[in-house]
Amino acid sequence: MPLALANSDGSFIARNAGNADFPALTRASGAKPVSGDFDGDGKGDIALVGGSGFESSEESPGWNMVPVALSNGDGTFKPNWPFTSYFPDWSRTAGALPASY
């Protein structure tokens, strides 16, 4: 995934670290990247929402997961694919807030 990591002097370091599945998922129909700190470690992560075509069919066109690339803080990422069927339970967790909060 190509990235530009900021230095404290206003310059950037280019990184293009590999990730086995995430780049292919970004090309799925309807996939949109969303950035945020999804695991609460203070590092910028990337999630994909709205995609179809990966383990889907005409009967079930949407993803049943939210692909997330969790930042290691050095320009590399580790994959994490939480399944959306668990989302109703997660949303009831004490302190959970919507992304637009």
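This is a dialogue about reading strands, burial and confidence in a predicted model.

Student: Where should I begin with this protein?

Tutor: Begin with the inventory of elements. The model is predicted, and its secondary structure comes to two helices and six strands. In sequence order the pattern is β-β-α-β-β-β-β-α.

Student: What is the mean pLDDT of the protein, and which elements have the lowest and the highest values?

Tutor: The general idea comes before the numbers. Where pLDDT is low, the predicted coordinates should not be read in detail. Here the mean pLDDT is 75, and 67% of the residues reach 70 or more. Among the elements, strand β3 (residues 32-36) has the highest mean, 89, and helix α2 (residues 87-91) the lowest, 61. Over residues 56-60 the pLDDT is below 50, and beyond near neighbours in sequence that stretch has two contacts in the model.

Student: How do I read the pairing of strands?

Tutor: Strands of a sheet pair through backbone hydrogen bonds, either parallel or antiparallel. In this model, four strands form an open sheet in the order β3-β4-β5-β6, with antiparallel pairing. The edge strands are β3 and β6, each of which pairs on one side only. Neighbouring strands of this sheet are turned by 25° against each other on average, direction ignored.

Student: How many bridges join β5 to β4, and how many join β5 to β6?

Tutor: Two bridges join β4 to β5, while four join β5 to strand β6 (residues 77-80). Both pairs run antiparallel. For individual partners, Ile 46 stands opposite Ala 69 in β5. On the β6 side, Leu 70 has Lys 78 as its bridge partner, and Ser 71 has Phe 77.

Student: Which residues of β5 point which way?

Tutor: In a regular strand the side chains alternate between the two faces of the sheet. In β5, Val 68 and Leu 70 point one way, and Ala 69 and Ser 71 point the other way. All four of these residues are buried.

Student: Take Ser 71 alone. Is Ser 71 buried or exposed?

Tutor: Ser 71 belongs to strand β5 (residues 68-71). Its relative accessible area is 8%, so Ser 71 counts as buried, the cut-off being under 20%. Leaving aside neighbours within four places in sequence, Ser 71 is in contact with Asp 41, Lys 43, Gly 44, Asp 45, Thr 76, Phe 77 and Lys 78. A polar atom of the Ser 71 side chain also lies 2.9 Å from the backbone nitrogen of Gly 73.

Student: What is the phi of Gly 73 in the hairpin?

Tutor: Gly 73 takes a positive phi near 90° in the hairpin of β5 and β6, which has five residues between the strands.

Student: Which residues does Ile 46 touch?

Tutor: Ile 46 lies in strand β4 (residues 45-49). Not counting residues up to four places away in sequence, Ile 46 touches Phe 22, Pro 33, Val 34, Phe 38, Pro 67, Val 68, Ala 69 and Phe 77. Sequence separation and distance in space are separate readings: Ile 46 and Pro 79 are 33 residues apart along the chain, with their C-alpha atoms separated by 9.8 Å.

Student: Is Ser 52 buried or partly exposed?

Tutor: Ser 52 is found in the loop between β4 and β5. Ser 52 is partly exposed because its relative accessible area is 21%, and buried requires under 20%. Ser 52 and Asn 64 are twelve residues apart in sequence and 9.2 Å apart in space, C-alpha to C-alpha.

Student: How do β1 and β2 pair?

Tutor: β1 and strand β2 (residues 12-16) pair in the antiparallel sense over five bridges. One of the facing pairs is Ala 6 opposite Phe 12 in β2. The two strands form a hairpin with five residues between them, and Gly 10 in the turn has a positive phi of about 90°. Strand β1 (residues 2-6) is hardly covered, since none of its five residues is buried.

Student: What share of the whole protein is buried?

Tutor: Buried residues make up 21% of the 101 residues. The protein exposes about 6900 Å², and carbon and sulfur atoms supply 56% of that area. Of the contacts with a separation of 6 or more, 28% are between residues 24 or more positions apart.

Terms used: Residues are numbered from 1 along each chain as its sequence is written. This is a predicted model: local features need pLDDT of at least 70, side-chain atom pairs count only at pLDDT 80 or more; totals for chains, interfaces and linings use all residues. Side-chain values use heavy atoms; hydrogens and water are left out. Buried means under 20% relative accessible area, exposed over 50%, partly exposed in between (1.4 Å probe, protein chains only). A polar contact is a pair of N or O atoms within 3.5 Å; within protein, one must be able to donate a hydrogen and the other to accept it, and residues adjacent in sequence count only if both atoms are side-chain atoms. Contact means heavy atoms within 4.5 Å. Accessible areas come from the Shrake-Rupley method with a 1.4 Å probe; for residues, only the protein chains shown count as cover. pLDDT is the predictor's confidence in each residue, from 0 to 100. Two strands pair if DSSP finds at least two bridges between them. Axes are lines fitted to C-alpha atoms, for helices over the stretch in contact, and angles run from 0 to 180 degrees between N-to-C directions.
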